[in-house]
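Could you walk me through this model in the viewer, one selection at a time? I would like to know what to click on next and what is there.

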Amino acid sequence: MSRGSCRKPFPGGQEVSCIVHRKSGIVHGVQSNGATTLCGRHVSDNYIALEKAAVDDMECCILCGRHLGNLAE
C-alpha cells in the first residue's frame with residue numbers, strides 16, 4: 001500500500017515483542033508466554049520477528065492495538 005493509505009501505526013511507547021505475519025504484513029504483539037499474540041492467535045511459522053521483516057508499510061493488528069491501548073491507560 002502507498003504512504004497515503006489508512007493503515008494505523010503500531011502504538012508507540014510500549015515494551016512488547018512484535019511479530020509480523022509473512023503474508024499479510026500485519027504486526028502483532030506477543031504475549032509474555034511467547035505462544036500467543038495479544039489478540040489470541042497462536043504463534044506459528046507464518047510469523048517472523050519484526051526486526052527481520054522486509055515490509056516498509058506495516059499495520060498493527062487492531063485487536064493487539066486495543067490491548068496495548070488498554071495497558072497504557
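## Starting in the sheet

Select strand 1 and strand 3 to begin: they run antiparallel and are joined by three bridges. Zoom in on His 21, whose bridge partner in strand 3 is Tyr 47. Keep in mind as you go that this is a predicted model.

Now add strand 2. Strand 1 covers residues 18-21 and strand 2 covers residues 26-29, and the two pair in the antiparallel sense, again with three bridges. Two of the partners to label are Cys 18 with Gly 29 in strand 2 and Ile 19 with His 28 in strand 2. Follow the backbone from strand 1 into strand 2 and you pass through a hairpin with four residues between the strands. Stop in that turn at Gly 25, which has a positive phi of about 80 degrees.

Show the whole sheet next. It is open, has four strands in the order 3-1-2-4, and its pairing is mixed. Strand 3 (47-49) and strand 4 (59-60) are at the edges, each with a single partner strand, so one side of each has no neighbour in the sheet.

## Stepping back to the whole chain

Colour by secondary structure. You should find one helix and four strands, arranged along the sequence as β-β-β-β-α. Of the 73 residues in the chain, 30% are buried. With the surface switched on, about 5100 Å² is exposed, and carbon and sulfur atoms supply 50% of it. Among contacts between residues at least 6 apart in sequence, 55% join residues at least 24 apart.

Then colour by pLDDT. The chain average is 80, and 74% of the residues score at least 70. Among the elements, strand 3 has the highest mean, 94, while helix 1 (residues 62-72) has the lowest, 81. Over residues 1-7 the pLDDT is below 50, and beyond near neighbours in sequence this stretch has eight contacts in the model.

## Into the core

Select Ile 26, Leu 38, Cys 39, Cys 61, Cys 64 and Leu 68: these six residues make up the largest nonpolar core. Centre the view on Cys 64. Setting aside residues up to four places away in sequence, Cys 64 touches His 28, Gly 29, Thr 37, Leu 38 and Cys 39.

Move on to Thr 37, in the loop between strand 2 and strand 3. Is Thr 37 buried or exposed? Its relative accessibility is 0%, so Thr 37 counts as buried. Which residues is Thr 37 in contact with, leaving aside neighbours within four places in sequence? They are Ile 19, His 28, Gly 29, Val 30, Gln 31, Val 43 and Cys 64.

## Last stop: the cysteines

Show the sulfur atoms. How many disulfides does a search of the whole structure find? The count is zero.

Try Cys 61 and Cys 39. The sulfur of Cys 61 has its closest cysteine sulfur in Cys 39, at 3.8 Å, which is too far for a bond because a disulfide needs the two sulfur atoms within 2.5 Å. Cys 61 itself is buried, at 7% relative accessibility.

Finish back in strand 1 at Cys 18. Its closest cysteine sulfur is in Cys 60, 7.7 Å away, and that is too far for a bond as well. Cys 18 also counts as buried, with a relative accessibility of 13%.

Technical notes: Residues are numbered from 1 along each chain as its sequence is written. This is a predicted model: local features need pLDDT of at least 70, side-chain atom pairs count only at pLDDT 80 or more; totals for chains, interfaces and linings use all residues. Side-chain values use heavy atoms; hydrogens and water are left out. Two strands pair if DSSP finds at least two bridges between them. A nonpolar core is a set of buried Ala, Val, Leu, Ile, Met, Phe, Trp, Tyr and Cys residues joined through side-chain atoms within 4.5 Å. Buried means under 20% relative accessible area, exposed over 50%, partly exposed in between (1.4 Å probe, protein chains only). Contact means heavy atoms within 4.5 Å. pLDDT is the predictor's confidence in each residue, from 0 to 100. Accessible areas come from the Shrake-Rupley method with a 1.4 Å probe; for residues, only the protein chains shown count as cover.
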